[in-house]
Amino acid sequence: MVAGFAGSLISFRSALIAALQARGLEVHVAAPGLTQGGAVREQLEAWGVAVHEIPLQRTGQNPLADLRSMTAPWLRAGERIMWALWQLMLRVRPHYVLGYTIKPVIYGSLAAWLARVPRRFAMVEGLGFFFTSGDRPLSLQRRILKSLITGLYRVGLAAAHRVIFLNPDDRDEFVATGLLPLQKTFLLGGIGVDLDRWPMMQPVTDTVMFL
């Protein structure tokens, strides 16, 4: 499982990890921010999950730098995500790979394809900043970045066997723009909220602050 944010593995994927382990699968996770001694790493290891640090910059918005990382794996560590994921998958030899959020989807799918992982899955949880302009026209910079990101998505999703969507509008957008065929998609729907972990509470109404 390849994530862009380590904390999401616990907040949003704990039930999936438990379900996979219940089926007898050995679960490995890869994300930035899983350095030795961190609380997230300790929790994952307590669950019996194998943890791997990867040099992914979650907040970077420069696709040109990301393109360099795909074509020049000898560059400095911060630009070596493709190389790191490929090497990791060659060591682990997973039977399945799931990447979620944009960079793990693109680079995780490509690295899994290069490493000949038998089954490759990607989850698109939202279209993100560059695809949601509202009623305002996109600036030239955002049009260029959207074009580059669309191209990266096209290459990355081509390496996935199945692409999971939570939102039918997002799926329709990807199909309409030719990023992938409809038969390659799977509409999961909203992932919901664990009400045991996040129980309903009465809202605080005496002092309301808005920023």
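**Exercise 1. Place Asp-172 and its salt-bridge partner on the scale from buried to exposed**.

Solution. This is a predicted model.
Step 1. Asp-172 has a relative accessible area of 38%. Buried means under 20%, exposed over 50%, and partly exposed lies in between. Asp-172 is therefore partly exposed.
Step 2. The side chain of Asp-172 meets that of Arg-171 in a salt bridge, 3.3 Å from N to O.
Step 3. Arg-171 has a relative accessible area of 18%, so this residue is buried.

**Exercise 2. Describe the setting of Asp-170, and find the nearest side chain of opposite charge**.

Solution.
Step 1. Asp-170 belongs to helix α8, residues 168-176.
Step 2. Asp-170 is buried but has no salt bridge. The nearest side chain of opposite charge is that of Arg-171, 9.7 Å away.
Step 3. Set aside the neighbours within four places in sequence. Asp-170 is then in contact with Glu-125, Gly-126, Leu-127 and Phe-165.

**Exercise 3. How many salt bridges does a search of the whole structure find**? **Describe the one that joins Glu-125 and Arg-13**.

Solution.
Step 1. The search finds 3 salt bridges.
Step 2. Glu-125 and Arg-13 meet through their side chains, at 2.7 Å from N to O.
Step 3. This pair links distant parts of the chain, 112 residues apart. Glu-125 sits in the loop between β4 and α7. Arg-13 sits in the loop between α1 and α2 (14-22).
Step 4. Compare the accessibilities. Glu-125 has 30% and counts as partly exposed. Arg-13 has a relative accessible area of 4% and is buried.

**Exercise 4. Why are Arg-41 and Glu-45 separated by about one helical turn**?

Solution.
Step 1. Both residues are in helix α3, residues 39-46. They are 4 residues apart there, so about one helical turn separates them.
Step 2. Their side chains meet in a salt bridge, 3.1 Å from N to O.
Step 3. Arg-41 counts as buried because its relative accessibility is 13%. Glu-45, at 37%, counts as partly exposed.

**Exercise 5. Locate Ile-10 and list what it touches**.

Solution.
Step 1. Ile-10 is in helix α1, residues 8-11. Its relative accessibility is 14%, so Ile-10 counts as buried.
Step 2. Leave out residues up to four places away in sequence. Ile-10 touches Val-40, Gln-43, Leu-44, Trp-47 and Arg-197.
Step 3. Now check a distance to α3. Ile-10 and Arg-41 are 31 residues apart along the chain, and 9.7 Å separates their C-alpha atoms.

**Exercise 6. Which residues have the most contacts inside the largest nonpolar core**? **Which element supplies the largest share**?

Solution.
Step 1. The largest nonpolar core has 32 residues. Ile-54, Leu-85, Met-89, Tyr-153, Leu-157 and Phe-174 have the most contacts inside it.
Step 2. At least two core residues come from each of α5 (81-92), α6, β4, α7 (140-158) and β5 (162-165).
Step 3. α6 gives the largest share, 6 residues.
Step 4. There is also a second, separate core of 18 residues, with Ile-10, Val-51, Tyr-100 and Ile-164 among them.
Step 5. Look again at Ile-54. Beyond four places in sequence, its contacts include Val-2, Ala-3, Ala-30, Ala-31 and Pro-32. Ile-81, Leu-85 and Leu-88 are in contact with Ile-54 as well.

**Exercise 7. Work out the strand order of the open sheet, and explain why β3 and β6 each have one side without a neighbour**.

Solution.
Step 1. The sheet has 4 strands in the order β3-β4-β5-β6, with parallel pairing.
Step 2. β3 (96-100) and β6 (185-187) stand at the edges. Each has a single partner strand, so one side of each has no neighbour in the sheet.
Step 3. Neighbouring strands are turned by 20° against each other on average, direction ignored.
Step 4. β3 pairs with β4 (residues 119-124) over 5 bridges, in the parallel sense. One bridge joins Gly-99 to Ala-122 in β4.
Step 5. Helix α6 (residues 102-114) packs on this sheet and touches β3 and β4. The direction of α6 makes about 155° with that of β3.

**Exercise 8. Count the elements of the protein chain and give their order**.

Solution.
Step 1. The chain has 8 helices and 6 strands.
Step 2. From the N terminus on, the order is α-α-β-α-β-α-α-β-α-β-α-β-α-β.
Step 3. Of its 211 residues, 40% count as buried.
Step 4. Take the contacts with a separation of 6 or more. Residues 24 or more positions apart account for 56% of them.

Note on methods: Residues are numbered from 1 along each chain as its sequence is written. This is a predicted model: local features need pLDDT of at least 70, side-chain atom pairs count only at pLDDT 80 or more; totals for chains, interfaces and linings use all residues. Side-chain values use heavy atoms; hydrogens and water are left out. Two strands pair if DSSP finds at least two bridges between them. Axes are lines fitted to C-alpha atoms, for helices over the stretch in contact, and angles run from 0 to 180 degrees between N-to-C directions. Contact means heavy atoms within 4.5 Å. A nonpolar core is a set of buried Ala, Val, Leu, Ile, Met, Phe, Trp, Tyr and Cys residues joined through side-chain atoms within 4.5 Å. Buried means under 20% relative accessible area, exposed over 50%, partly exposed in between (1.4 Å probe, protein chains only). A salt bridge is a side-chain nitrogen of Lys or Arg within 4 Å of a carboxyl oxygen of Asp or Glu. Lys and Arg count as positive and Asp and Glu as negative; His and the chain ends are not counted.
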